[in-house]
Amino acid sequence: MSVDIDWGAFLSVFLAALAGAGIVVTFYALGLRLLVRGGRAPVVGPVEFTDAITIVSDKEIRRAEKAAAKAAKRSPLTGGQRMLARVGAYTCFAVCGAAVIGGVLVIVIAH
């Protein structure tokens with residue numbers, strides 16, 4: 001019994017996976033950056049879990065909420081520029097979703 005590896009197919013799958021990962025990561029990072037510039041910083045407040053090792057104090061919660069409010073206010077862009085940045089961010093997220101769905105469809109349809 002002999003195992004033959006099609007190195008050309010292996011290389012093409014490797015390059016396609018590398019390109020797909022690069023596209024998803026690049027557009028997601030760009031989308032997050034545009035979302036922050038658009039004034040919608042994805043700041044998540046601290047949450048206290050019962051099984052957590054670290055307990056969040058009331059002072060830390062107030063500090064995090066204050067930082068989130070400050071980050072949301074801090075945008076030197078005009079209203080139109082913020083809207084354009086948000087549209088760009090959502091477009092980048094759509095490109096990420098399309099790349100993932102396209103990859104899944106290629107896997108499902110090709111095999």
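## Leu-11, halfway out

Let's start with Leu-11, which sits in helix α1. In this predicted model, Leu-11 has a relative accessibility of 46%. Buried means under 20% and exposed means over 50%, so at 46% Leu-11 counts as partly exposed.

Leu-11 also has company: it belongs to a nonpolar patch on the surface. The other members are Met-1, Val-3, Ile-5, Trp-7, Phe-10, Phe-14, Leu-15 and Leu-18. Together, the patch residues have about 1100 Å² of accessible area.

## The chain as a whole

Now zoom out. The protein chain has three helices and zero strands, so if you read from the N terminus on, you'll meet the elements as α-α-α. The chain has 111 residues, and 10% of them count as buried.

## The largest pocket

Next, look for empty space. Rolling a probe the size of a water molecule over the atoms shows where some is left. The largest pocket holds about 370 Å³ of space. It is lined by 13 residues, and the closest to its centre are Ala-16, Ala-17, Gly-103, Val-106 and Ile-107.

Which helix gives the most to this lining? That would be α3, with seven residues. Helix α1 (7-37) and helix α3 (79-110) each supply at least two lining residues, and α1 is also the helix where you found Leu-11.

What kinds of residues make up the lining of the largest pocket? Ten are nonpolar, three are polar, and none is charged.

Definitions and conventions
Residues numbered from 1 in each chain as written. Predicted model: local features only at pLDDT ≥ 70, side-chain atom pairs only at ≥ 80, totals over all residues. Heavy atoms only, no water. 1 Å grid on protein atoms, 1.4 Å probe; cavity = no way out; pocket = protein on both sides within 12 Å on 5 of 7 lines; lining within 4 Å. Points joined across faces, edges and corners; volume = space filled by probe spheres on them. Helix = DSSP H or I, 4+ residues; strand = E, 2+ residues; numbered from the N terminus. Nonpolar A, V, L, I, M, F, W, Y, C, P; charged D, E, K, R; others polar. Patch = residues over 30% accessible without salt bridge, like charges linked within 9 Å, V, L, I, M, F, W, Y side chains within 5 Å. Areas by Shrake-Rupley, 256 points an atom, 1.4 Å probe, with all protein chains shown as cover. Salt bridge = Lys/Arg side-chain N within 4 Å of Asp/Glu carboxyl O. Buried < 20%, exposed > 50% of the residue type's maximum accessible area, 1.4 Å probe, protein only.
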